[in-house]
Amino acid sequence: MSLRIGDYAPNFSAQTTLGEIDFHQWLGDSWGIIYSHPADFTPVCTTELGRTAQLKDEFEKRGTKVAAISTDDLDSHIGWIDDINETQNTQVEFPIIADADKKVATLYNMIHPNFSTTATVRSVYFIDPDKKIQAIITYPASTGRNFAEILRVLDSLQLTAAHSVATPVDWEPGQDVIISPSVKQEDVEAKFPKGHRVIKPYLRYTPQPNK
Ligand code: BEZ
């Protein structure tokens, strides 16, 4: 199934390293990230899952639950966690979904057959509290993801869900944001009391509203 931004994130039940979960129940009212890695006991994946564990507080600050998934089985995941903890100096406390039958990977279009018919690529799905997919990023097996970028995307998604703004190129939290074109100029002052700059009628900046 090809999932796109705005689609409902499909539900599933699965075995994980934290026990059986119903995905939607597990997410509850939180934001969520489900991300795939190609295989357990592989070097790049080990660093990525280690980084996820190291960033536990950052994900918690953003009210976001994270789950990893590969097409390996539960015993493999459980055995690998010890290596991740040891080599990345952390404690994996988030669930890793066992998907040996590829049910979830197929549902989330994480298997790209021209890469592999059995292993997942590095997909990341950002899911909002209404279970809508808000962003999707996909990397090949050979390129480890940038988790600072994953947090930055999450910050942008959460900010733009709450305010009529968009985040410009290379935006980092705390920097000025762009006023949505849908906001009429006569409403800008009331909506953005911190002030604004008009560069062009369609290019208007304001300080980040929630900082
Ligand atoms: C890795 O995690 O290092 C990896 C996994 C599959 C293919 C290539 C690299």
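What follows is a friendly exchange about how the labels on this predicted model are earned.

Me: What kind of model is this, and how are its residues numbered?
Reply: It is a predicted model, in which local features need pLDDT of at least 70, side-chain atom pairs count only at pLDDT 80 or more, and totals for chains, interfaces and linings use all residues. Residues are numbered from 1 along each chain as its sequence is written, and side-chain values use heavy atoms, with hydrogens and water left out.

Me: How many helices and strands does the protein chain have, and what makes a stretch count as one?
Reply: The protein chain has 7 helices and 11 strands. Both are DSSP runs numbered from the N terminus: a helix is H or I with at least four residues, a strand is E with at least two. The C-alpha trace spans about 60 × 35 × 30 Å along its principal axes.

Me: Why is Thr 52 called buried?
Reply: Its relative accessible area is 3%, and buried means under 20%, exposed over 50%, and partly exposed in between (1.4 Å probe, protein chains only). Thr 52 therefore counts as buried. Thr 52 is found in helix H2. Of the 211 residues of the chain, 47% count as buried.

Me: What does Thr 52 touch, and how is a contact decided?
Reply: A contact means heavy atoms within 4.5 Å. Setting aside neighbours within four places in sequence, Thr 52 is in contact with Tyr 35, Phe 59, Val 66, Phe 94 and Phe 147. Thr 52 and Val 92 are 40 residues apart in sequence, and their C-alpha atoms are 7.9 Å apart in space.

Me: What makes the link between Thr 52 and Tyr 35 a polar contact?
Reply: A polar contact is a pair of N or O atoms within 3.5 Å; within protein, one must be able to donate a hydrogen and the other to accept it, and residues adjacent in sequence count only if both atoms are side-chain atoms. The side chains of Thr 52 and Tyr 35 are joined at 2.6 Å, so the pair falls within the 3.5 Å limit.

Me: Is Asp 155 buried or exposed?
Reply: Asp 155 has 15% relative accessibility, so it counts as buried. Asp 155 lies in helix H6 (residues 147–162). Not counting residues up to four places away in sequence, Asp 155 touches Arg 62, Trp 171 and Pro 173.

Me: Why is Asn 89 called exposed, and why is Asn 109 called partly exposed?
Reply: Asn 89 stands at 72% relative accessibility, so it counts as exposed. Asn 109 stands at 28%, so it counts as partly exposed. Asn 89 is in the loop between helix H4 (74–88) and strand E5 (96–98), while Asn 109 is in the loop between helix H5 (103–107) and E6.

Me: What is noteworthy about phi at Asn 89 and Asn 109?
Reply: Most residues other than glycine have a negative phi. Asn 89 has a positive phi near 55 degrees, and Asn 109 has a positive phi of about 55 degrees.

Me: How do you know that strands E6 and E7 pair?
Reply: Two strands pair if DSSP finds at least two bridges between them. Strand E6 (residues 122–127) and strand E7 (residues 133–139) have 6 bridges in the antiparallel sense, so they pass. In E7, Thr 138 is the bridge partner of Ser 123. The hairpin of E6 and E7 has 5 residues between the strands, and there Lys 131 takes a positive phi near 70 degrees.

Me: What makes strands E8 and E10 edge strands?
Reply: An open sheet of 4 strands has the order E8-E9-E11-E10, with antiparallel pairing. Strand E8 (165–166) and strand E10 (197–200) each pair on one side only. E10 pairs with strand E11 (residues 203–206) over 3 bridges, and the two form a hairpin with 2 residues between them. Lys 200 stands opposite Leu 203 in E11.

Me: Which residues are around the ligand, and what makes them near?
Reply: Near means that one heavy atom of the residue lies within 4 Å. The residues are Pro 38, Thr 42, Pro 43, Val 44, Cys 45, Arg 122 and Ala 141. Helix H2 (residues 43–54) supplies the largest share of this shell, 3 residues. A backbone N or O atom of Val 44 lies 2.7 Å from an oxygen atom of the ligand, and a polar side-chain atom of Thr 42 lies 2.9 Å from a ligand oxygen atom.
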